[in-house]
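Visitor: I have a structure open and would like to learn how to read it. Could you walk me through a few features?

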Amino acid sequence: MKTNFTALDFIVLIAYLIGTTLLGVWLGRDQKDAKDYFVAGKTIPWWAILFSVVATETSALTFISIPGLAYTTNLGFLQIATGYLLGRIVVAYTLLPKYYQGDLVTAYSLLEKRFGVATRRFASITFMGTRALADSVRVFATAIPIALILGPIVPQEYLMPTAILVLGLLTLIYTYHGGMRAVVWTDVVQTAVYLGGGLAAFWILGNRVSGGWGSIIGDAGAAGKLRIFDLYLGFDRPLTLFAGLLGGAFLSMASHGADQLIVQRLLAASSIKDSRRALIGSGVAVIAQFSLFLLIGLGLWSFYAHRAFPVPDSIFPDFVVNHMPTGLRGLIIAAVLAAAMSSLSGSMNSLAAATTHDIYLPLSGNAPSDPKTLRMGKLFTLLWGAVLLIAALLYRQQGTPVVVVALSIASFTYGGLLGGFFLGMLWRRAIQRDAVLGMAIAIIIMSVVVFAKQLTPVFPAASDTLTTLSRIAWPWYVLIGTTITMIVGMASSFTHPAPIGGDRWE
């Protein structure tokens with residue numbers, strides 16, 4: 001495989017990787033305890049958290065997969081992005097105030113306050129499994145452009161493993177040493193790098209396509225690729241206004257209200273006011289960011305003269321590696337890595353935080369301020385880093401855009417988690433067994449829904465039902481899971497006397 005990656009590109013890329021790693025290590029120099037390690041002592045400014053949230057949730061999927069999505073379809077993904085903003089607003093004024101009513105480090109400690117420690121452990125373990133699976137897919141996605149670069153010098157069978165290990169090990173080094181402070185501030189740098197790379201690609205496409213962006217937009221409009229809104233009311237299409245606003249809102253409520261990966265960042269702010277500004281502001285920023293990368297996809301569609309690609313996720317990496325100017329090519333590959341490293345580092349830290357505070361501390365009886373807690377937190381970071389890299393090495397691409405795969409994985413447990421929080425807020429009768437039962441049944445049912453296509457040949461007698469379930473589009477997963485959790489939990493609450501005086505968060 002031949003690419004146009006030059007020595008200058010390698011210098012730019014290597015300088016970025018080394019610089020980011022050293023910055024993260026340096027930022028962790030003054031850590032005193034686990035609170036410093038996991039929530040940076042609650043001293044991070046709101047605007048830095050905003051950038052960190054944006055960098056974490058979009059990761060390399062935005063940079064790699066969203067342009068490919070626009071290339072093969074249209075601008076309909078903006079309907080989902082609008083729903084994301086609506087969901088954040090709901091979280092900002094419902095769950096977020098409750099997180100600031102105590103000295104919390106994980107989202108699931110809030111469930112313990114309402115229901116008990118078993119609910120906290122169940123939710124935390126569910127988060128760990130889901131996050132590990134979804135982020136291993138993200139790591140795989142980011143390795144695609146690195147594999148293109150290494151193609152001429154690494155045997156084909158070792159391309160993806162080498163790319164995954166280079167990316168993962170460097171991220172693990174600075175996350176292990178720097179903790180949440182390193183995660184957030186490197187996220188700020190990385191956001192600037194990958195947005196700069198996106199803007200550079202946008203500008204170059206406008207100059208490479210005859211007629212510039214006017215011609216690109218004209219051709220895309222004639223082909224129906226500028227379409228944003230789809231008023232279809234069925235549940236079998238993912239990119240409709242109905243699915244985007246409602247399904248996207250519930251997905252965002254789960255990811256930003258019940259997922260430790262994002263909640264941990266919000267808890268690093270000094271006040272609820274700053275946390276709310278970061279959360280809602282990130283929704284606006286994400287819409288702008290999706291718009292940029294969707295337009296890049298349209299530019300690529302014109303640049304490649306509508307050529308078909310076997311894997312949509314390889315379209316933008318191919319353009320970057322083989323058609324970008326020398327030097328800038330290295331910077332944009334660094335931008336892809338920046339997007340991935342920001343998400344991966346956050347995953348390692350949040351998984352370690354959940355393991356430390358939701359599992360280790362309740363079992364050990366140690367205090368969060370105990371020096372041993374900090375040592376264990378760092379050890380869990382190493383362990384989860386290894387898990388993510390091994391899972392990425394085992395992943396095999398199926399031809400589906402990676403952004404859809406990752407969001408689908410996250411969505412089938414998100415509904416159960418979000419439903420547990422809503423049950424605690426809205427249903428006074430519910431106790432611990434109701435919450436755990438509701439979440440467990442929702443996750444089981446949603447597992448069948450998400451993997452219905454794969455289960456059909458295994459259970460031919462249920463093929464009609466499974467085929468129907470397989471047609472449900474992924475934006476609906478969270479809403480369906482949340483509804484199941486609420487219905488089961490509420491029904492279960494009538495099998496026991498109502499708690500005296502109620503047992504709801506105030």
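Guide: We'll take a helix, some backbone angles, the salt bridges and one loop residue in turn. Keep in mind that this is a predicted model.

Visitor: Let's start with the helix. How many Å should α17 span, and how far apart are its end C-alpha atoms?

Guide: The idea is to allow 1.5 Å a residue and compare that with the actual ends. Helix α17 covers residues 432–450, which is 19 residues, so the expected span is 27 Å. Its end C-alpha atoms are 27 Å apart, in agreement with that.

Visitor: Which residues of α17 are buried?

Guide: Here "buried" means under 20% relative accessible area. In α17 that applies to Asp-434, Ala-435, Gly-438, Met-439, Ala-442, Ile-443, Met-446, Val-449 and Val-450. Now look down the axis of α17: the buried residues sit within an arc of 150°, so they line one face of the helix.

Visitor: On to the backbone. What sign does phi have in most residues other than glycine?

Guide: For most of them, phi is negative. That's the background for picking out exceptions. Ala-305 is one of them here: its phi is positive, about 55°, although it is not a glycine. His-306 also has a positive phi, near 65°.

Visitor: Where is Ala-305 found, and is Ala-305 buried or exposed?

Guide: Ala-305 belongs to the loop between α12 (272–303) and α13 (315–323). With a relative accessible area of 58%, Ala-305 is exposed, because the cut-off for exposed is over 50%. His-306 is in the loop between α12 and α13 too, but His-306 counts as partly exposed, at 47% relative accessibility.

Visitor: How many salt bridges does the count come to?

Guide: To count, you look for a side-chain nitrogen of Lys or Arg within 4 Å of a carboxyl oxygen of Asp or Glu. By that rule there are seven salt bridges. One of them joins Arg-265 and Asp-187, at 3.3 Å from N to O. Arg-265 lies in helix α11 (residues 260–266) and Asp-187 in helix α8 (residues 159–208), so this pair ties together parts that are 78 residues apart in sequence. Both Arg-265 and Asp-187 are buried.

Visitor: Which residues form salt bridges with Asp-230?

Guide: Arg-227 is a partner, with the closest N and O atoms 3.5 Å apart. Arg-237 is another, at 3.2 Å from N to O. Accessibility adds to the picture: Asp-230 is buried at 11%, Arg-227 is partly exposed at 46%, and Arg-237 is partly exposed at 37%. Elsewhere, salt bridges that share partners join Glu-112, Arg-120 and Asp-358 into one network.

Visitor: Last stop, the loop residue. What does Ala-367 touch, leaving out residues up to four places away in sequence?

Guide: Contacts beyond the sequence neighbours are what to look for. For Ala-367 they are Leu-361 and Thr-373. Ala-367 sits in the loop between α14 (328–364) and α15 (371–394), and Ala-367 is partly exposed at 36% relative accessibility. You can also set distance in sequence beside distance in space: Ala-367 and His-357 are 10 residues apart in sequence, and their C-alpha atoms are 9.7 Å apart.

How values were computed
Residues are numbered from 1 along each chain as its sequence is written. This is a predicted model: local features need pLDDT of at least 70, side-chain atom pairs count only at pLDDT 80 or more; totals for chains, interfaces and linings use all residues. Side-chain values use heavy atoms; hydrogens and water are left out. Helices (H or I, at least four residues) and strands (E, at least two) are DSSP runs, numbered from the N terminus. The expected span of a helix is 1.5 Å times one less than its number of residues. Buried means under 20% relative accessible area, exposed over 50%, partly exposed in between (1.4 Å probe, protein chains only). The arc is that of the directions from the helix axis to the C-beta atoms. Contact means heavy atoms within 4.5 Å.
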